[in-house]
Amino acid sequence: MVDDVAPAVLNVAEKCYDLPTLKGTLGPDVVDVRQLYGEADIFTYDPSFGSTASCESKITYIDGDKGILLHRGYPIDELAKKSNFLEVAYLLLYGDLPTASEYAAFECNITYHTMLHAQFDRFFEGFRRDAHPMGVLTGTIGALSAFYPDSIDVSDPKQREISTHRLIAKMPTIAARAFKYWSGQPFISPRNNLTYAENFLRMCFAVPAEDYVSNPVLTRAMDRIFILHADHEQNASTSTVRMSGSSGANPFACIAAGIACLWGPAHGGANEEALNMLKEIGTVDRIPEYVQGVKDRKYRLMGFGHRVYKNYDPRAKVMQETAHEVLDELGKHDEPLLKVAMELEKIALHDDYFVERKLYPNVDFYSGITLSAMGFPPEMFTVLFALARTVGWVAQWREMIEDPHRRIARPRQLYTGETQRAYTPIEERG
Ligand code: CMC
């Protein structure tokens, strides 16, 4: 962070304040308002953080106008094509791509933390038989902090490292158990000879009566979906994780908070909603009527639009290719929902309503079709997003904890309620 840029000048009540302007390596300069309240007795107002940089970070960069997403400087499409999820996880966590020996050690650490204590399975039994897997995930990840009290001291770098490994390794096992519990099937244990994605697919789809036969195209698609969801700068759930962690809360509790935030339909829940929307439209001839409903503001086009991207989401491009690969492999290229999605995208990209508002497909538009073809029910879509995003959440949480200037996050407000008034006894109230 360089601060040799000319300061911004703020004029308040005929007094001038010089505000330092900071320059990052990429992206807009930021005006540093940290001392403003102390000096000028004034707050800045930005309720949904549209113009606020909430932290300094070296992990992920997004240029929303150009549709660029970089992890530690590497473009997402290049990572999706050339890398794998665990390598991307290493990159996000430690800043550089691993050497062969670093990668082997990291993979081994993750692989040998995938099992859950047998007692942990009892948590699942407390949930209703048909509990939504996201509700189960939120509860059980939070419960990890009760289960591993030895790794919750956030001031100890060794404990931070072990909880990092535990979270990334156990997330697929817990996510698969949430799925199995929901489907009424017995849990399947992890296997150490399988890759991260392959192991997860097996834990989801094997049954005691029949083992899962790996398909390289589907394994690659799963891994790519994980890469595409691994991190995304200071989105709502990541900011939730950082904010929770700023109090010194343990990482399992912070990730559980992130999962809860991700569940909302405007965020990670959109993939489930996008597939439901495509099903509701059903056939290509019903698209114009549906689009009219969007313009009449009856509902939103799910899987479209983004707070930061005002161009095609670069993850959506890779996701679209992956959708085609999976559907071709499974002989489902005539899948009616894919036809509806492609036609809807074509119409929306040329329609003034969407063009004027710069609404483009986001990562969730094609992920539902792909995951559904792979055998996942919509209830699992956000769970898969959470599984992958755990890596980003943990990387961002570590960066926040390691920041020597860390203070508890404590926003202020523009108060518009009653001014001070005297208490009236109940018998005197009219
Ligand atoms: N369909 C129809 N109109 C939309 C949509 C949409 N999906 N998204 C935004 N708009 C319109 C909105 O009505 C508004 O129009 P106007 O200016 O005439 O009032 C304008 O575009 C700006 O909308 P906004 O609500 O101010 O935009 P935002 O930046 O606050 O919202 C968003 C971003 C992602 C919540 C929103 O685009 C949305 O609800 N999209 C659908 C849900 C979705 O797909 N979410 C996944 C995001 S990507 C995965 C992730 O990171 O979680």
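The legends below describe several close-up views of a predicted model.

**View 1. The open sheet formed by strands β4, β5 and β6.** In this predicted model, 3 strands make up an open sheet in the order β4-β5-β6, and their pairing is antiparallel. Strands β4 (60-63) and β6 (74-75) stand at the edges with a single partner strand each, so one side of each is left without a neighbour in the sheet. As background to this view, the strands of a sheet pair through backbone hydrogen bonds, in either a parallel or an antiparallel arrangement.

**View 2. The hairpin of β4 and β5.** Strand β4 pairs with strand β5 (residues 68-71) in the antiparallel sense, and the pairing extends over 4 bridges. Two of the residue pairs can be followed across the strands: T60 stands opposite H71 in β5, while I62 has L69 of β5 as its bridge partner. The two strands form a hairpin with 4 residues between them, and in the turn G67 has a positive phi of about 70°.

**View 3. The hairpin of β5 and β6.** Strands β5 and β6 run antiparallel and are joined by 2 bridges. H71, which stands opposite T60 on the side of β4, has Y74 as its bridge partner in β6. A hairpin with 2 residues between the strands results from β5 and β6, and R72 in its turn has a positive phi of about 50°.

**View 4. Two loop residues with positive phi, D41 and R297.** Most residues other than glycine have a negative phi. Against that background, D41 is a residue other than glycine whose phi is positive, near 55°, and its place is in the loop between α1 (36-40) and β4. With a relative accessibility of 61%, D41 counts as exposed. The second residue of this view, R297, is likewise a residue other than glycine with a positive phi, here near 60°, and it lies in the loop between α13 (287-295) and α14 (314-329). R297 is exposed, with a relative accessible area of 60%.

**View 5. Q159 in helix α7.** The residue at the centre of this view, Q159, has its place in helix α7 (residues 157-183). Its relative accessible area is 18%, so Q159 is buried, the cut-off for that class being under 20%. When residues up to four places away in sequence are not counted, Q159 touches D150, S151, I152 and D153.

**View 6. I347 in helix α15 and its contacts.** I347 lies in helix α15 (residues 336-350) and is partly exposed, with a relative accessible area of 28%. Leaving aside residues up to four places away in sequence, I347 touches I287 and V291. I347 and P288 are 59 residues apart in sequence, and the distance between them in space is 8.5 Å, taken from C-alpha to C-alpha.

**View 7. The crossing of helices α10 and α18.** The axes of helix α10 (residues 236-245) and helix α18 (residues 381-402) come within 9 Å and cross at roughly 40°. The two helices are therefore oblique to each other, and their crossing is right-handed. On the side of α10, the contact is made by S237, T238, V241, R242 and G245, and on the side of α18 by R389, W393, Q396, W397, E399, M400 and I401. Divided by class, the contact of α10 with α18 has 5 nonpolar, 4 polar and 3 charged residues.

**View 8. The crossing of helices α17 and α18.** Helix α18 also appears in this view, where its axis and that of helix α17 (residues 364-373) come within 10 Å and cross at roughly 110°. That angle makes α17 roughly perpendicular to α18. The residues that make the contact are D364, G368, L371 and S372 of α17, together with F381, L384 and F385 of α18. By class, the residues of the contact of α17 with α18 divide into 4 nonpolar, 2 polar and 1 charged.

Conventions
Residues numbered from 1 in each chain as written. Predicted model: local features only at pLDDT ≥ 70, side-chain atom pairs only at ≥ 80, totals over all residues. Heavy atoms only, no water. Pairing = 2+ DSSP bridges. Axes fitted to C-alpha atoms, helices over the stretch in contact; angles between N-to-C directions. Parallel < 35°, antiparallel > 145°, perpendicular 65-115°, else oblique. Left-handed = near helix turned anticlockwise from the far one by under 90°. Contact = heavy atoms within 4.5 Å. Nonpolar A, V, L, I, M, F, W, Y, C, P; charged D, E, K, R; others polar. Buried < 20%, exposed > 50% of the residue type's maximum accessible area, 1.4 Å probe, protein only.
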